[in-house]
Structures are given as structure tokens and as C-alpha cells.
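Reader: I would like a close look at a single part of this protein, namely one helix and the loop that leads into it, with enough of the surroundings to place it. Please take it slowly and keep the reasoning visible.

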Amino acid sequence: MRVPNSVVLPVGTHVDCCQEQEVAEKTHDIMARITAMLVERKSNLAHFINNLEGSEEPKFYMDQWERLKEMESCTLTILNLIAVNCTDHRDIKKLEATILEHVKNEELFPEVVRVLPPVYRQVEAAIVDIARSEEMAEHGMMDLQYLLSKLFQHEHLAGLGRELLQDILRYLHRIGLIVWYEEIKHLESTVFLQPTFLITMFKVSMRIRTISSAEPKL
């Protein structure tokens, strides 16, 4: 809801626990709830904006008004819910095919037709090689400067500027090949070449926190 022109594909799981009629009813109910939620959100935003505009000193609330107007302008496209049985490999393939079909839709994603320069693929291939090399630790964390120096060692990448390389890293972050939190001060100099390890770390952390909170206090 805070991302401009975002597209959401609702996915219903545990189809194997429902009768066919239940799946249809639940799908209809979920889509109706989503629609109602969006209508309510739009109404609430308009209400908040009107309140700020009608206040005695609207100039004092300009920052809030701008944030609300920005949120109001964010369009949200909700696709039809797809119901899957996660225990059935055929349903997983159906979900994958549905996602790919939507991603290739130029009306939903106009940038899908954009052609990237060959150097983007070259950097991507080089990073994959680095991530698979024996020197790479299992956690996949690498210092940004060291990663750049490794990339510059490739003959066809040696002449690239640092800014271009960082732009390519941002692109690879957006598509999920790497994770680079450059906007976080303590992490801006670290690149995660193994995003799956990071996800596992988060899961373990959440699990430990959940178990700790569930333990009785003495």
C-alpha cells in the first residue's frame, strides 16, 4: 500500500484441507474483504487529508499532509486469488506459471520490456561465480570494497566505474540475487551473496524469540 503502482497476487494455501465448494466460497470471501479494505483505506485517507486541510493552522501539518497525499496516489492492483495445495507439486508449478504470466504482462509491469546492457549479465555471472567459490563462507557475507575489488579482477569488468558497479548491485538487490542494505548505516558496507542464509537466520531468530516469550517467568 506504500509502494507506487504495486501489484499483489493473493495466494490461498491449505486447499487440501477444504472441500471444492469451500475453496470457492473462501476465495470469494477473501477477495471481498480485500476490496472492502481498500475502500476503507481510501475513505480514511480522504478523511485525514480533509481534517488537515480544514485545521486552523494547516501549514503546521504540511509534512503529514504530503505523506498522506503520497499514500493516496499509490495505486494498488489486486490480481485474482489463486488457491494452491502446497503438498501437490502440480499446484506449485501452477502458481509458478501464474506468477510468470503476470510478470510478463506489459500492462502490469511496463518495465518488463526494458533491455539491460550486457554488462549487467556479466556482473551477475561474476557474482554467482564468487558466491560458489571455495573461499566464500557459508553465510555469504562479503565486504563491499572486497567484492568490488574481486569484480574489478575480471578482465571485462576492470574498466567499469565504481558508480556503475554499485548501480548494478542495486539492480541485483531488487531482483533478489543479493541483499545489500545500503540505506542502513551499520550494513551499508556489507553485501549478502547468499540471501537464503539470511532468511534462515531471520527464521531462527524469530523462533528463538517466540520460544523465549512462551517460557514461563519465574
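To begin with the whole, what percentage of the 218 residues in the protein do buried residues make up? After that, which residues of α3 are buried, and what do they pack against?

Author: The model is a predicted one, and in it buried residues make up 26% of the 218 residues. The protein has seven helices and six strands, and from the N terminus on these elements follow the order β-β-α-α-β-β-α-α-β-α-α-β-α. Among contacts between residues at least 6 apart in sequence, 58% join residues at least 24 apart.

Turning to the helix you ask about, α3 has 15 residues, and the distance from its first C-alpha to its last is 21 Å, close to the 21 Å expected at 1.5 Å a residue. The buried residues of α3 are D91, L95 and T98. Because these residues cover an arc of only 60° around the axis, they are on the same side of α3. The general background is that an α-helix has 3.6 residues a turn, so residues three or four places apart point the same way. The buried residues of α3 pack against β2 and β4, whereas H89 and R90, on the other side of α3, are exposed.

The approach to this helix is the loop between β4, which covers 82-83, and α3, which covers 89-103, and D88 has its place there. D88 counts as buried because its relative accessibility is 19%, and the cut-off for that class is under 20%. At the start of α3, a side-chain oxygen of D88 comes to within 2.9 Å of the backbone nitrogen of R90, so that a buried loop residue is in polar contact with the backbone of a residue whose place is on the exposed side of the helix.

N85 lies in the same loop, between β4 and α3, and N85 is buried because its relative accessible area is 14%. The side chain of N85 is joined to the side chain of T87 by a polar contact of 2.6 Å. Not counting residues up to four places away in sequence, N85 touches V15, D16 and D91; D91 is also one of the buried residues of α3, so the buried side of the helix, which lies within an arc of only 60°, includes a residue that this loop touches.

The contacts of N85 with V15 and D16 lead to another loop, the one between β2 (11-12) and α1 (20-53), where H14 is found. H14 has a phi near 60°, a positive value in a residue other than glycine, and H14 is exposed because its relative accessible area is 52%, the cut-off for exposed being over 50%.

As for the cysteines C17 and C18, the structure holds zero disulfides. The sulfur of C17 has its closest cysteine sulfur in C18, at 6.2 Å, which is too far for a bond, since a disulfide requires sulfur atoms within 2.5 Å. C17 counts as exposed because its relative accessibility is 56%, whereas C18, with a relative accessible area of 24%, is therefore partly exposed.

For the wider setting, the largest nonpolar core has 24 residues, of which V123, I127, L147, L151, L169 and L193 touch the most other members. At least two residues of this core come from each of α4 (118-132), α5 (144-152) and α6 (162-174), and α4 gives the most, with seven residues. Apart from this core lies another, of five residues, including I49, L52, L68 and M71. Within the largest core, L169 is one of the residues that touch the most other members, and, not counting residues up to four places away in sequence, L169 is in contact with I127, L144, L147, L148, I178 and W180.

Finally, V179 has its place in the loop between α6 and β6 (190-192), and V179 counts as buried because its relative accessibility is 12%. Leaving aside neighbours within four places in sequence, V179 is in contact with H173, T190, V191, F192, P195 and L198. V179 and M141 are 38 residues apart in sequence, yet their C-alpha atoms are 9.5 Å apart in space.

Technical notes
Residues numbered from 1 in each chain as written. Predicted model: local features only at pLDDT ≥ 70, side-chain atom pairs only at ≥ 80, totals over all residues. Heavy atoms only, no water. Helix = DSSP H or I, 4+ residues; strand = E, 2+ residues; numbered from the N terminus. Buried < 20%, exposed > 50% of the residue type's maximum accessible area, 1.4 Å probe, protein only. Polar contact = N/O pair within 3.5 Å; in protein donor to acceptor, adjacent residues only side chain to side chain. Expected span 1.5 Å × (residues − 1). Arc of directions from axis to C-beta. Contact = heavy atoms within 4.5 Å. Core = buried A, V, L, I, M, F, W, Y, C linked by side-chain atoms within 4.5 Å.
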